[in-house]
Amino acid sequence: MGKDQKLVAALENGSVIDHIPTDKLFTIAQLLHLEKFTEPVLIGNNLESKVMGKKGLIKISGKFFTEDEIRKLAVVCPNIRITVIKNYEVVEKREVTLPETLTDIVKCANPVCITNNEPMKTVFYVKDNNILKCRYCGKEQKLNNIKLK
Ligand SMILES: [Zn+2]
């Protein structure tokens, strides 16, 4: 069996992102710059899911996410699941959840906000119903409509 075929069955070392809503799959692929990876990457969409009906899934050989990458993933796509695999064994499984504050991940939608005009970090408070509120200008924006920094 070639390395690529083995990846379909099992990942030796790497990460699996599961429970991706089908309309977010390619946003995540872009966010992670999967086009730049040289190790095998497997992208599946419209896969059957008992919980979600249909879902997307990404397997990346040799990739282990940093906390910063996981926070970005959570912003684009809350409630995905990340599985870390080493030597064919699952060593970590985590549900990604949105933190209460997002520091320097999202751009403020208000063009005159100080964060868009000074070299500084953005800070957003995550409110109910997936609304983000800028710490500096108070502008609120919906999570599904944000621009990443
Ligand atoms: Zn702002």
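User: Over how many bridges do β7 and β8 pair, and in which sense?

Analyst: The model is a predicted one. In it, Phe124 stands opposite Cys134 in β8. The hairpin of β7 and β8 has three residues between the strands, and there Asn129 takes a positive phi near 55°. The pairing of β7 with β8 is antiparallel, and the number of bridges is four.

User: In which sense do β6 and β7 pair, and what is the bridge partner of Thr103 in β7?

Analyst: Strand β6 covers residues 101–103 and β7 covers 123–127. The two strands pair in the antiparallel sense, over three bridges. In β7, the partner of Thr103 is Val123.

User: Which residues are the protein donors of the zinc ion?

Analyst: Along the chain, the donors follow the spacing C-x4-C-x20-C-x2-C. Each donates through its SG atom, at 2.3 to 2.4 Å from the zinc ion. The donors are Cys108, Cys113, Cys134 and Cys137.

User: What is the arrangement of the four donor atoms around the zinc ion?

Analyst: Four donors count as tetrahedral if all angles lie between 85 and 135 degrees. Around the zinc ion, the donor atoms subtend angles of 101 to 117°. The arrangement is therefore tetrahedral.

User: How many residues apart in sequence are the parts that Cys113 and Cys134 tie together?

Analyst: Cys113 lies in the loop between β6 and β7, whereas Cys134 lies in strand β8, residues 131–134. Both cysteines are donors of the zinc ion. The pair therefore ties together parts whose separation in sequence is 21 residues.

User: Which residue of the hairpin of β4 and β5 takes a positive phi?

Analyst: Strand β4 spans residues 81–86 and β5 spans residues 89–95; they pair in the antiparallel sense over six bridges. Within this pairing, Arg81 stands opposite Glu95 in β5. The hairpin has two residues between the strands, and the one with a positive phi, near 50°, is Asn87.

User: Where does the largest pocket lie with respect to domain 1 and domain 2?

Analyst: Domain 1 comprises 3–95 and domain 2 comprises 101–145. The space in the pocket is about 260 Å³, and of the 13 residues that line it, the closest to its centre are Lys24, Thr27, Val76, Leu143 and Ile146. Both domains give residues to the lining, so the pocket lies between them.

User: Which element supplies the largest share of the lining of the largest pocket?

Analyst: The lining divides into seven nonpolar, five polar and one charged residue. At least two of its residues come from each of α2 (25–31) and α3 (67–76). The largest share, three residues, comes from α2.

User: How many helices and strands does the protein chain have?

Analyst: The C-alpha trace of the chain spans about 55 × 35 × 25 Å along its principal axes. From the N terminus on, the order of elements is α-β-α-β-β-α-β-β-β-β-β-β. The secondary structure comes to three helices and nine strands.

Key
Residues numbered from 1 in each chain as written. Predicted model: local features only at pLDDT ≥ 70, side-chain atom pairs only at ≥ 80, totals over all residues. Heavy atoms only, no water. 1 Å grid on protein atoms, 1.4 Å probe; cavity = no way out; pocket = protein on both sides within 12 Å on 5 of 7 lines; lining within 4 Å. Points joined across faces, edges and corners; volume = space filled by probe spheres on them. Nonpolar A, V, L, I, M, F, W, Y, C, P; charged D, E, K, R; others polar. Domains from an automatic or database assignment. Pairing = 2+ DSSP bridges. Donors = N, O, S within 2.8 Å, 3.2 Å for Na, K, Ca; no water. Tetrahedral: all angles 85-135°; square planar, octahedral: opposite > 155°, others 65-115°.
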